[in-house]
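Please work through the exercises that follow with the sequence and the coordinates open beside you. Each one sets a task and then gives a solution in steps.

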Amino acid sequence: MDQHGRQGDLTRRDLLKLGSAAAAVGAGAHVLDLARPSAADAQTPKRGGTFRLRSHVAPVHFDPHQTIAFSTMIPLSFAYSRLVKVKAGSSVVPGTQPIEGDLAESWERQGDTVYVFKLKKGVRWHAKPPVNGRELTAEDVKYTYERFLTTKTNAANRAILEMVDKIEAPDKYTVRFTLREPNAWFVDRLASTSTWVVAKESVEKFGDLKSPESVVGTGPWMLQRYEPNVRISFVRNPSYFVPGLPYADGVEIVLSADPAAGFAAFLAGAFDFGPEYGMVIRRSDLEVAKGRVKGLGTRDYIVVFGGFTAMKLDQDPFKDVRVRRAVAMSDNWREVLETNAWSLGQGAPNPLIPAALKDWSIPIDQLPAEGRRLYEYNPGEAKRLLAEAGHPSGIKVPVETTAGYGPDWMDAVQVALKNWKSAGIESDLKLKEYGAFVSSSLLGKFDRMMLTLRGGTTDPDTYFTQLLPGEALNSSGVNDPKLTDMIKLQRRTFDEKKRREIVFDIQRYLSQQVYYAYSASVSAVAAWMPYVKNFGPNIGHDYGGRLMVAWLDK
Amino acid sequence: MKKYVLRRILVAIPSLLIASVIVFSLPRLLPGDVVQLMLEEKAYGKDLEELREKLGLNRPIYIQYWEWLGRVARGDLGESLWTRRPVVEELLRRLPVSMELGLLALFFAIVIALPIGVLAAVRQDSASDFIARSLAILGLSVPGFWIATLVVLLPAIWWGWSPPIQFTEFSKDKWAHISQFLLPAFILGIASAAAIMRLTRAMLLEVLRQDYVRTAWAKGLREAVVVSKHSLKNAIIPVVTVLGIQIAQILGGTVIFEQIFGLPGMGRFLFDAINQRDYPVIQGVNLIIVSVVVGMNLLVDAMYAFLDPRIRY
C-alpha cells in the first residue's frame with residue numbers, strides 16, 4: 001500500500017527527501033496550510049472586497065465535460081471543486097504543481113490499479129436550486145467521472161482519465177477508482193482543471209451544464225451573474241468547506257476583447273491583475289506599468305506555451321534524421337525570444353516537456369552532446385548536415401501554420417523562416433485560417449511541415465501523446481517502438497525519482513531523433529496591484545485556487 | 001408617394017431573398033468544420049458523425065436552406081450550435097447596443113459634416129475651407145480603430161484614465177450608459193463625417209453657381225436664407241444617398257469598435273460566431289445587418305421623394 005496523499009507547504013521534492021512515512025503523517029495535518037502566506041506576505045489576512053480580472057474571451061459555455069476551452073475552465077475554477085488540486089499561494093514556485101486535497105481528505109493506492117479517496121465530511125453544494133445546499137457524497141463524485149468518461153462531446157477531455165475502468169462509491173465518503181492499467185500520473189491528472197465535480201440535479205434539470213444557471217458547485221465562490229460578452233460575477237460561498245476561506249467577497253471577470261483597452265484599464269486601476277492570460281502583462285509594457293502603478297507586484301515565470309515544428313516522418317526529406325537535425329539547428333530560439341514583446345529575450349528553450357514544468361523538463365545542459373548541439377543556432381553546420389543527407393543545394397518544403405495565434409506568433413514564424421533560409425531550408429509558407437488549421441493540420445493533415453503552438457496542459461504525461469502511434473495529435477506520424485515502450489514504462493513507474501529518470505531519458509533520446517523540433521517558451525511577467533496579498537502566479541487555469549488564498553489589503 | 005414607397009418595398013423583397021442565399025451559403029464555404037471545432041483536436045470519428053447528425057449538418061445544403069428560410073419567415077433564426085440558445089433571443093439583447101452605437105455615430109457624422117461642409121463651400125478657398133478639407137482627408141485616411149486605440153491607451157499612460165470598458169445598462173445608470181457610447185460613436189462617426197462633409201461641400205458649390213441662386217442673391221436675400229433655404233435642400237439630395245451607404249459602413253465598423261470599447265453588441269457576437277463557425281448566429285446577424293441596410297436604403301429612397309418632388313418612378 002502506498003500512501004500517495006499529501007498536504008501542506010511541502011513540495012513533492014521535499015516530500016521525497018522526507019520519505020513516505022513522513023508524508024503519511026503529514027497527510028491531513030495541514031488542511032489549512034494552503035491559506036498560509038509566505039514570510040514576505042506574512043500579515044493578518046483581510047476579509048472583503050472584490051477581485052477584478054480581465055478575460056479576453058467569453059466562455060464557450062459552462063459545461064466542463066463538453067469543452068477543453070480555458071475560457072470555460074477559468075470561471076469554473078471559482079465555483080467548482082475537484083478531488084485534488086494544485087497548491088496555491090505566494091510560497092508556491094511557478095511551474096511546480098504540488099498537489100493537495102480539495103474534496104479529498106486523503107487518498108491511497110491499493111496495488112497498481114486501484115485508488116481509494118476519502119472525502120471530506122460536511123462539504124455542501126452551493127445553496128442554489130436545484131441542489132440547494134445538500135451535502136456532497138461519494139455518489140456525486142462517481143456520477144461526475146462517469147459523465148466525464150461517457151459524454152459524447154467530451155472526446156478532448158476524456159483522454160485525461162481514459163485509463164479509468166471503473167468507479168465505485170462503497171460508502172458515503174469513499175470513492176474507488178479502478179484503472180485498466182497502472183498509471184502513475186493518475187492523481188496528477190485528477191488535479192486537471194477539467195475534472196470539476198458537478199451535481200447530478202443540475203444536469204437533470206438543465207439537460208447539460210452549458211447554461212450559467214446550471215453552475216452549482218462546491219467551490220469558494222458562487223456564480224451570481226453572467227452577462228454575455230460583458231462580465232461574470234461571483235459572490236462568496238458562505239458555506240465553503242475550508243473555514244475562513246475565501247477572503248474576498250466576490251470576483252468580477254470583465255470580458256474585454258481588445259488588448260490595448262485591457263492594458264489601459266489596468267493602468268487606470270480597473271483591474272487588480274495583469275490583463276492578459278495568466279494575469280501577465282507584456283514585458284514591453286512593464287516599465288510603463290511600473291511607472292504608473294507604484295509598488296506593482298510582479299513575478300517572472302516561464303509559460304507552458306511554445307512553438308514547435310512537426311515534420312512528416314514518412315516523407316522525404318524528413319525520413320532522414322540529419323535533415324531533421326538541420327531544422328532544429330537552424331532554429332534560433334534566442335532570436336525568437338528577443339523579438340517577442342512578452343519576453344524581450346527572457347525565456348527558455350524547450351525539450352519535449354516544456355521548460356515551464358520545472359520538475360519534469362530536462363535541463364538542456366543534461367542532454368547528450370548531440371542533442372545539446374541542436375539547441376545552438378548554427379546555419380553552417382545545418383547546411384553541412386543537409387549536404388551529407390544528399391541536399392547540397394538545400395531543400396524547399398511547404399510549411400503550414402495559422403495567423404490565428406495572433407501577431408506575436410507570426411513574428412516568431414517570420415524569424416523561423418528567415419533562419420531556416422540561412423541554413424538552406426527554403427519554405428513555401430501556407431497560412432491557414434485558424435478553424436481550418438485546427439481541424440486539419442493539427443491532426444496531421446498537412447504536407448510535410450507544420451509550425452504550431454503547444455501548451456496549456458500542466459500534466460507532463462500529456463506531452464507524450466503526440467509521440468504515440470494512433471493518437472490524433474501525433475501529427476509527425478511518430479511510430480518508434482522503443483519510445484512507445486519507454487513512455488509506457490514511465491507510466492507504470494510509481495517511484496517518482498525513477499520515473500523522472502525515465503522521463504529524462506525519453507527527452508535525451510528525443511533530443512537526438514528530432515521527431516518534432518521544439519522552440520522556446522517566453523518568460524512572462526505576472527503583475528498585480530500592491531494591495532493584493534498572498535498571490536502567487538502559476539501555470540494552468542486554476543485562477544480560483546490562487547485567488548481563494550489571496551486577499552485585498554486596501 | 002405611397003405607390004412609390006410600395007414599389008420600393010416590393011423591389012426590396014427579391015434583394016432580401018438573394019441576400020438570404022448568400023448569407024446562408026457563404027459561412028459554409030469558410031474553411032474549417034464546426035463539428036471538428038466543437039469536439040476540438042482529439043475527437044473520434046464516431047463522435048463527429050453523431051454530432052453532425054444531431055446538429056442537422058449531415059443533410060444536403062439546399063434542404064438545410066429551405067428549412068432555415070421557413071423558420072426565418074416565422075421569425076425563428078434557429079439556435080446557436082454552441083450554446084443552444086435561440087439566436088433571436090441573443091440578437092434582441094445585442095441589437096439595441098449596436099443600433100445605439102450606429103445611430104449615435106451617424107448623428108455625430110451629420111452634426112460634424114453638414115455645418116463644416118456648408119462653411120467650406122460658402123467660404124471657398126479661405127483658411128477655414130483649407131482646414132476643413134485637410135481634416136476631411138485626415139478623417140478619411142486614418143483608420144478609425146487606430147484613433148480608437150490611441151484614445152484608449154494614451155490617457156491611461158499619461159494620466160491613469162481610460163474610458164470605461166465595462167458595459168453599463170441604461171436601467172442601472174443612465175449617464176454611465178450614454179457616456180460609454182460617446183467616445184466610440186464620435187470616432188466611428190469621424191470617417192463618415194469626412195466623406196459626407198466633402199460631398200456636401202462639392203454639391204453645395206455646384207448649386208451655389210446655379211442661375212436661380214444668383215437670382216436669389218440679386219433679390220438681396222441674406223446669405224443664411226440663400227444657403228439654407230434655396231441651396232442646401234437641392235445640394236443635400238446626393239448627400240442623402242451617401243448617408244445610406246455610410247450606414248452600411250458604420251454597421252461594419254461596429255464590429256471592431258465593440259471589441260475595443262467592450263460593448264456587447266451584434267458586431268462582437270458576429271466576431272465570436274465566425275471564429276466558432278456558429279452558422280445560425282452568423283446567418284442571423286448577417287440577415288439582420290442586410291435587413292437594416294435594405295431598410296435604411298428604403299428610407300433613403302422615401303426621403304428622396306420627399307426632398308425632390310420630381311422623383312416619381
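The exercises below concern a predicted model, and they move from confidence and overall make-up to single elements and one residue.

**Exercise 1. Confidence and the make-up of chain B**

Task: State what confidence the predictor gives the complex and chain B, and describe how chain B is built.

Solution. Begin with the complex, for which the predictor gives an ipTM of 0.78 and a pTM of 0.82. Turning to the single chain, chain B averages a pLDDT of 84, and 93% of the residues score at least 70. Next, take the secondary structure: chain B has 12 helices and zero strands. Then consider the extent of the chain, whose C-alpha atoms fill a box of roughly 85 × 60 × 35 Å along the principal axes. Finally, look at burial and contacts: of the 313 residues of chain B, 37% count as buried, and among its contacts between residues at least 6 apart in sequence, 74% join residues at least 24 apart.

**Exercise 2. A helix of chain B and its two sides**

Task: Compare the span of helix α6 of chain B with the span expected for its 15 residues, and decide how its buried residues are arranged around the axis.

Solution. The helix covers residues 127-141 of chain B, and at 1.5 Å a residue it should span 21 Å; the end C-alpha atoms are 21 Å apart, so the two values agree. The next step is to list the buried residues of α6(B), which are B:Ala132, B:Ala136 and B:Gly139. Seen down the axis of α6(B), these buried residues fall within an arc of 65°, and therefore they line one face of the helix. As background, an α-helix has 3.6 residues a turn, so residues three or four places apart point the same way. On the other side of α6(B), the exposed residues are B:Ala127, B:Ser134, B:Ile137, B:Leu138 and B:Ser141. To close, ask what covers the buried residues of α6(B): the cover includes α5 (87-122) and α8 (174-208) of chain B.

**Exercise 3. A helix of chain A and its surroundings**

Task: Carry out the analogous reading for helix α14 of chain A, residues 407-422, and name the elements against which its buried residues pack.

Solution. Helix α14(A) has 16 residues and reaches 23 Å from its first C-alpha to its last, close to the 22 Å expected at 1.5 Å a residue. The buried residues of α14(A) are A:Ala412, A:Val413, A:Val415, A:Ala416, A:Asn419 and A:Trp420. Viewed down the axis of α14(A), they fall within an arc of 160°, so they line one face of the helix. Their packing partners in chain A are β14 (306-311), α11 (333-338), α13 (379-388), β16 (395-402), β17 (425-432) and β18 (449-454). Just after α14(A), A:Gly424 takes a positive phi of about 95°.

**Exercise 4. A sheet of chain A**

Task: Give the strand order of the open sheet of five strands in chain A, and then describe how β14(A) is joined to β18(A).

Solution. The order is β17-β16-β18-β14-β19 (chain A), with mixed pairing. The edge strands are β17 and β19 (516-518) of chain A, each of which pairs on one side only. Neighbouring strands of this sheet are turned by 25° against each other on average, direction ignored. Six bridges join β14(A) to β18(A), and these strands run antiparallel; A:Thr309 stands opposite A:Leu451 in β18(A). Helix α10 (residues 321-329) of chain A packs on the sheet, where it touches β14, β16, β17 and β19 of chain A, and its direction makes about 160° with that of β14(A).

**Exercise 5. The setting of one proline**

Task: Decide whether A:Pro354 is buried or exposed, and locate its contacts.

Solution. First place the residue: A:Pro354 is in the loop between β15 (347-349) and α12 (369-373) of chain A. The cut-off needed here is 20 or more other C-beta atoms within 10 Å; A:Pro354 has 29 of them within 10 Å and is therefore buried. Leaving aside residues up to four places away in sequence, A:Pro354 touches A:Val304, A:Gly306, A:Ser361, A:Gly455 and A:Ser521. As a last step, compare sequence with space: A:Pro354 and A:Val303 are 51 residues apart in sequence and 8.4 Å apart in space, C-alpha to C-alpha.

Note on methods
Residues numbered from 1 in each chain as written. Chains lettered and ligands numbered in written order. Predicted model: local features only at pLDDT ≥ 70, side-chain atom pairs only at ≥ 80, totals over all residues. Helix = DSSP H or I, 4+ residues; strand = E, 2+ residues; numbered from the N terminus. Expected span 1.5 Å × (residues − 1). Buried ≥ 20, exposed ≤ 12 C-beta atoms within 10 Å, placed from the backbone. Arc of directions from axis to C-beta. Contact = placed C-beta atoms within 7 Å. pLDDT = per-residue confidence, 0-100. Pairing = 2+ DSSP bridges. Axes fitted to C-alpha atoms, helices over the stretch in contact; angles between N-to-C directions.
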